[in-house]
Amino acid sequence: MHIDQYVATLQDDGERLAVAAGRAGLDAPVPACPGWTVADLLRHLGGVHRWATAHVVMERKEPFSRDEEQQFFQAPADAALLDWFREGHRALIVALASADPGLDCWTFLPAGSPREFWARRQAHETAVHRADAEAAGGSRPRGVAQFAADGIDELLDGFFRRRPQRLATDPPLRMTLSATDLPRAWTIRMETDRLYVDPGAQPTGLTLTGTASDLYLLLWNRAEPPSLEGDPAAWESWRDRATVTWS
């Protein structure tokens, strides 16, 4: 995907999230995030957007410290929370759309450029939380197949390759993800030393089949397996180990 596609998706999903949050109500619980309400979701993502914007606008070469990060999460009272979220989201869109292609700043996942990294990461961060806001209002989240497949790539080849030993298992376990709406599949191998991800479908003991969007939300713990064929032990092992935390 191109940077302008990420920015356009980020804009659309942020606007859809705000609408879904307004419909659900700030006190509505977020099913995939136990203990969170929609208000908590807005505070989190509004802060993340401001945090990301600061790296881009300031061309910051190092990450902010824990103490420095707190400035981005100083949200107003609930009555002004949706407007605060929208303001931060708009500022991020402007920062990414106007950033120099040669932008040089801190990143934490592989990408073609820092600008591409921040556009991609914030697009997926917002898409997952848009799904949270929609689920809080009782709607079933859906996404665009190409973008969802890109998000699966980011998760498997980005986040989980940072610490592949976390997903080592003994004995080894393997599972295949197979998209029904795109010619895409991923084979996940949890070996005794580390995690491996291979493109395409290979013989494994478990196959998970669904739309790219369903598989994307599944890997982000926002959905149950749409179709599971084989030994579920690999999926249980993955679900127990595969978590992404704020850092």
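**Around helix 7 and helix 5**

Let's start with helix 7, residues 212–219: eight of its eight residues are buried, so the rest of the structure largely encloses this helix. Keep in mind as you look around that this is a predicted model. The buried residues are A212, S213, D214, L215, Y216, L217, L218 and L219. What lies over them? The cover includes helix 5 (114–136), helix 6 (145–162) and helix 8 (233–241), along with strand 1 (173–179), strand 2 (185–190) and strand 4 (206–210). If you step just past the end of helix 7, you will meet N221, which takes a positive phi of about 60°.

Helix 5, part of that cover, is a good place to go next. Its axis and that of helix 2 (residues 38–58) come within 11 Å and cross at roughly 170°. Angles over 145 degrees count as roughly antiparallel, and the two helices are therefore roughly antiparallel to each other. On the helix 2 side, the contact is made by V38, L41, H44, L45, V48, H49, W51, A52, H55 and V56, while helix 5 brings W118, Q122, E125, T126, H129, D132, A133 and A136. By type, the residues of this contact divide into 10 nonpolar, six polar and two charged.

Now turn to helix 1 (residues 3–24), which also packs with helix 5: the angle is about 25° and the axes are 8 Å apart. Since angles under 35 degrees count as roughly parallel, helix 1 and helix 5 are therefore roughly parallel to each other. Helix 1 passes helix 5 in a left-handed crossing. The residues of this contact divide into 13 nonpolar, five polar and seven charged.

Key: Residues numbered from 1 in each chain as written. Predicted model: local features only at pLDDT ≥ 70, side-chain atom pairs only at ≥ 80, totals over all residues. Heavy atoms only, no water. Buried < 20%, exposed > 50% of the residue type's maximum accessible area, 1.4 Å probe, protein only. Helix = DSSP H or I, 4+ residues; strand = E, 2+ residues; numbered from the N terminus. Contact = heavy atoms within 4.5 Å. Axes fitted to C-alpha atoms, helices over the stretch in contact; angles between N-to-C directions. Parallel < 35°, antiparallel > 145°, perpendicular 65-115°, else oblique. Nonpolar A, V, L, I, M, F, W, Y, C, P; charged D, E, K, R; others polar. Left-handed = near helix turned anticlockwise from the far one by under 90°.
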